Amino acid sequence: MTFSTTELYKTLCDGPFIIAGPCVLESYELALETARIVREAADRHAVTAIFKSSFDKANRTSASSFRGPGMTKGLEWLARIREETGLPVITDIHEPAQAAPVAAVADILQIPAFLCRQTALLQAAAATGSVVNVKKGQFVAPWDMGPVVEKLHAAGNRHVMLTERGASFGYNNLVVDFRSFSIMRSLNVPVIFDATHSVQLPGGQGSCSGGDRRHVPALARAAVAAGANGVFLECHPDPDKALCDGPNSWPAGRLSDLVGDLKSIWSIDYAC
């Protein structure tokens with residue numbers, strides 16, 4: 001299954017779309033099951049879908065937390081899922097050396113929020129020519145993502161997207177500034193709302209992060225109304241048993257209903 005970078009990016013610019021899947025690759029079977037659910041929900045509501053899962057979660061709270069299968073096995077799984085489902089895939093990179101081998105499999109490279117200003121990482125991602133999605137750091141103002149976009153453009157890549165995932169609000173809490181969508185869209189890039197990480201409680205359970213998935217639908221609907229081109233949703237067939245980000249993950253069995261709500265809002269024509 002081959003996706004032209006230019007065609008894929010144009011599709012994402014036109015929207016609407018979802019990015020969805022389990023936080024981390026727990027097993028090939030679970031990831032494939034979830035990817036099929038994502039595909040079904042997207043087809044049902046006529047939105048573009050990208051499958052997301054990480055081969056390594058390098059910024060877990062505790063050194064003992066599950067990180068994933070690693071790059072070699074993880075990329076093998078992602079390639080098979082891409083072929084089986086026909087979905088483009090997106091996954092995180094954490095080091096410049098990962099950019100080229102990951103881009104050989106993934107259609108979109110994702111820069112984690114904590115690394116959004118790392119110049120060498122951004123340049124390596126840009127050099128692949130792939131679509132690059134940068135998550136806005138919890139510590140970064142939306143208008144300060146301009147220099148991030150400029151770094152990628154200067155490195156020769158104009159297939160750039162930005163993701164809002166909440167801003168630090170005191171300890172162990174995040175809030176969403178809905179001005180972010182219009183501010184970052186003024187940079188002439190698609191803007192995504194990470195609905196599930198935005199309800200995270202970072203480090204809120206001591207050795208791991210907590211979260212409250214009850215707020216995912218309300219925030220996602222508000223973000224789409226505020227101008228988000230796409231919505232990012234970590235989903236899992238059984239979130240309470242997920243090995244990473246379970247408290248803020250959305251149940252895969254309820255994904256289609258939520259996507260239907262979002263599509264209804266995306267379909268509204270606003271007068272101003």
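The exercises below work through the fold, two central strands, a cavity and some backbone details of one protein chain.

The structure is a predicted model, in which local features need pLDDT of at least 70 and side-chain atom pairs count only at pLDDT 80 or more, while totals for chains, interfaces and linings use all residues. Residues are numbered from 1 along each chain as its sequence is written, and side-chain values use heavy atoms, with hydrogens and water left out.

**Exercise 1. Overall form**

Task: Determine how many helices and strands the protein chain has, and how its radius of gyration stands to the globule rule.

Solution: Begin with the secondary structure, where helices (H or I, at least four residues) and strands (E, at least two) are DSSP runs numbered from the N terminus. The protein chain holds 9 helices and 13 strands. Its radius of gyration is 17 Å, close to the 19 Å that the globule rule gives for 272 residues, so the chain is as compact as a globular protein of that length; the radius is taken over C-alpha atoms, and the rule is 2.2 Å times the number of residues to the power 0.38. Next, take the extent of the C-alpha trace, which spans about 45 × 40 × 40 Å along its principal axes. Finally, of the 272 residues, 55% are buried, where buried means under 20% relative accessible area, exposed over 50% and partly exposed in between, with a 1.4 Å probe and protein chains only.

**Exercise 2. The surroundings of β1**

Task: Establish which strands pair with β1, and whether the residues of β1 are buried or exposed.

Solution: Look first at burial: 5 of the 5 residues of strand β1 (residues 17–21) are buried, so the strand is largely enclosed by the rest of the structure. In a regular strand the side chains alternate between the two faces of the sheet. Accordingly, F17, I19 and G21 can be listed on one side of β1 and I18 and A20 on the other, with both faces covered. Turn then to the pairing, which requires that DSSP finds at least two bridges between two strands. Strand β2 (residues 48–52) pairs with β1 in the parallel sense over 4 bridges, and I18 stands opposite A49 in β2. Strand β12 (residues 230–236) is also parallel to β1, over 5 bridges, with A20 opposite L233. As a last step, follow the chain from β1 through helix α2 (residues 28–45) to β2, a β-α-β unit that is right-handed, meaning that, with the strands pointing away from the viewer, the path from the first strand over the helix to the second runs clockwise.

**Exercise 3. The surroundings of β4**

Task: Describe how β4 is covered and which residues are bridge partners across its pairings.

Solution: In strand β4 (residues 108–111), I108 and Q110 on one side and L109 and I111 on the other are all buried, which leaves both faces covered. Strand β3 (residues 89–92) pairs with β4 in the parallel sense over 3 bridges, and the bridge partner of D92 in β4 is Q110. Strand β5 (residues 131–135) likewise runs parallel to β4, joined by 4 bridges, and I111 has V134 in β5 as its bridge partner. The connection from β4 to β5 passes through helix α5 (residues 119–127) in a right-handed β-α-β crossover.

**Exercise 4. The cavity**

Task: Find which residues line the largest cavity and how they divide by character.

Solution: Rolling a probe the size of a water molecule over the atoms shows where empty space is left. Here a cavity is a set of points, on a 1 Å grid over the protein atoms alone, where a 1.4 Å probe fits but cannot get out, and lining residues have an atom within 4 Å of a point. The search of the whole structure finds 1 cavity of 30 Å³ or more, and the largest cavity holds about 30 Å³ of space. Its lining consists of P22, C23, V24, E26, C235, H236, A242, C244 and S249, which divide into 6 nonpolar, 2 polar and 1 charged.

**Exercise 5. Backbone details**

Task: Locate P16, N172 and D245, and state what marks the backbone there.

Solution: Most residues other than glycine have a negative phi, and most peptide bonds are trans. The bond from G15 to P16 is cis, with omega near -10°, and P16 is in the loop between α1 (5–14) and β1. N172 has a positive phi near 60°, lies in the loop between β7 (167–168) and β8 (174–175), and is partly exposed at a relative accessible area of 40%. D245 also has a phi near 60° and lies in the loop between β12 and β13 (250–251), but is buried, with a relative accessible area of 11%.

Methods. 1 Å grid on protein atoms, 1.4 Å probe; cavity = no way out; pocket = protein on both sides within 12 Å on 5 of 7 lines; lining within 4 Å. Points joined across faces, edges and corners; volume = space filled by probe spheres on them. Nonpolar A, V, L, I, M, F, W, Y, C, P; charged D, E, K, R; others polar.
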